[in-house]
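Visitor: I should like a close look at a single part of this model, set in the context of the whole chain. Please treat it in one connected account.

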Amino acid sequence: MIVCFIGFMGSGKTTVGKLLATELGIDFIDMDAFIEERAKREIRDIFKEEGEDVFRRLETEALKDILLFPTSFVLSTGGGVITRDENIALLKRLKHRIFLKADKAVILKRLEADRTRPLLLGEDKEERIGRLLEERLPKYLEASSYTLDTEGYRVEEIVELCKAYLKSS
Ligand code: S3P
């Protein structure tokens, strides 16, 4: 079984994914961490030194390779994985694709002091998040098999809702 989390930066994919993997007794894979380990560099340095296109290529390669793993695992993808149609097509081969939906205010609060997301550095963070969210929402919906609106839920409750979805699907 592969359970894949998609959603915007700061929507809780890694936190929820890790806990769900522990509860299901399967591995957890974080795509960003996988890419950093392979490239032996942090994502912000890849963006800074080689640009977003190179990062996106590494991201697609990582996704392809991860999906070949023979074991069961929970996968947390990067928020921009849906910017490439090729990635959406790869993701759609999976049965369980959970979109963790969070609104702008929550994301802004969580990422206010964050310096690790290159796409949110520099300009007005709120405006940037709003624009990217709007642009990406249809793609998150297209790529997912289930949308979980996380508003007002604690991490443990979100994990329970994910388990209920997995059971029913
Ligand atoms: C990105 C999201 C990040 C990371 C990179 C680009 C994006 O992952 O892949 O900074 O384009 O939204 P998280 O969603 O895990 O923060």
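Which residues does Leu 91 touch, not counting residues up to four places away in sequence?

Guide: In this predicted model, Leu 91 touches Cys 4, Ile 6, Leu 63, Thr 77, Val 81, Arg 97 and Ala 143, with residues up to four places away in sequence left out of the list. Leu 91 itself belongs to helix H5. Its relative accessible area is 0%, and because buried means under 20%, Leu 91 counts as buried.

The surroundings of this residue are best described through the nonpolar core. The largest such core has 37 residues, and Leu 91 is among those with the most contacts inside it, together with Phe 8, Leu 63 and Leu 75. Two or more residues are given to this core by each of the following elements: strands E1 (2-6) and E3 (73-76), and helices H2 (31-39), H3 (43-50), H4 (52-66), H5 (85-91), H6 (104-111) and H7 (125-143). Helix H7 supplies the largest share, 5 residues. Apart from this core lies another, of 15 residues, including Ile 26, Ile 98, Leu 148 and Cys 162.

Two of the residues that Leu 91 touches, Cys 4 and Ile 6, direct attention to strand E1. In E1, 5 of its 5 residues are buried. The cover extends to both faces: Ile 2, Cys 4 and Ile 6 are buried on one side, and Val 3 and Phe 5 are buried on the other. Strand E1 pairs with E3 in the parallel sense over 4 bridges, and within that pairing Ile 2 stands opposite Phe 73. Strand E1 also pairs with E4, again in the parallel sense and over 4 bridges. Here Cys 4 stands opposite Arg 97 of E4; both Cys 4 and Arg 97 appear among the contacts of Leu 91.

These pairings form part of an open sheet of 5 strands, whose order is E2-E3-E1-E4-E5 and whose pairing is parallel. Strands E2 (27-30) and E5 (146-149) stand at the edges; each has a single partner strand, so one side of each is left without a neighbour in the sheet. From one strand to the next, the twist averages 20 degrees. Toward the E5 edge, strand E4 (residues 96-101) pairs with E5 in the parallel sense over 4 bridges, and Ile 98 has Tyr 146 as its bridge partner in E5. Helices pack on this sheet as well. Helix H2 touches E2 and E3, and its direction makes about 70 degrees with that of E2. Helix H8 (residues 155-168) touches E1, E4 and E5, and its direction makes about 150 degrees with that of E4.

The loop between H2 and H3 offers a contrast in exposure. Lys 40 lies in that loop and, at 72% relative accessibility, counts as exposed, whereas Leu 91 is buried. The phi angle of Lys 40 is near 55 degrees, a positive value in a residue other than glycine. In general, most residues other than glycine have a negative phi. A further point of reference is Glu 49, which is 42 residues from Leu 91 along the chain; the C-alpha atoms of these two residues are separated by 28 Å.

The chain as a whole completes the setting. It contains 8 helices and 5 strands, which run from the N terminus in the order β-α-β-α-α-α-β-α-β-α-α-β-α. Of the contacts between residues at least 6 apart in sequence, 73% join residues at least 24 apart. Buried residues account for 46% of the 169 residues. The radius of gyration is 15 Å, which agrees with the value near 15 Å for a compact globule with 169 residues. Along its principal axes, the C-alpha trace spans about 45 × 35 × 25 Å. The accessible surface comes to about 8,900 Å², and 50% of this belongs to carbon and sulfur atoms.

To return to the part in question: Leu 91 is a buried residue of helix H5, and among the residues with the most contacts inside the core of 37 residues.

Conventions. Residues are numbered from 1 along each chain as its sequence is written. This is a predicted model: local features need pLDDT of at least 70, side-chain atom pairs count only at pLDDT 80 or more; totals for chains, interfaces and linings use all residues. Side-chain values use heavy atoms; hydrogens and water are left out. A nonpolar core is a set of buried Ala, Val, Leu, Ile, Met, Phe, Trp, Tyr and Cys residues joined through side-chain atoms within 4.5 Å. Buried means under 20% relative accessible area, exposed over 50%, partly exposed in between (1.4 Å probe, protein chains only). Two strands pair if DSSP finds at least two bridges between them. Axes are lines fitted to C-alpha atoms, for helices over the stretch in contact, and angles run from 0 to 180 degrees between N-to-C directions. Contact means heavy atoms within 4.5 Å. The radius of gyration is taken over C-alpha atoms; the globule rule is 2.2 Å times the number of residues to the power 0.38. Accessible areas come from the Shrake-Rupley method with a 1.4 Å probe; for residues, only the protein chains shown count as cover.
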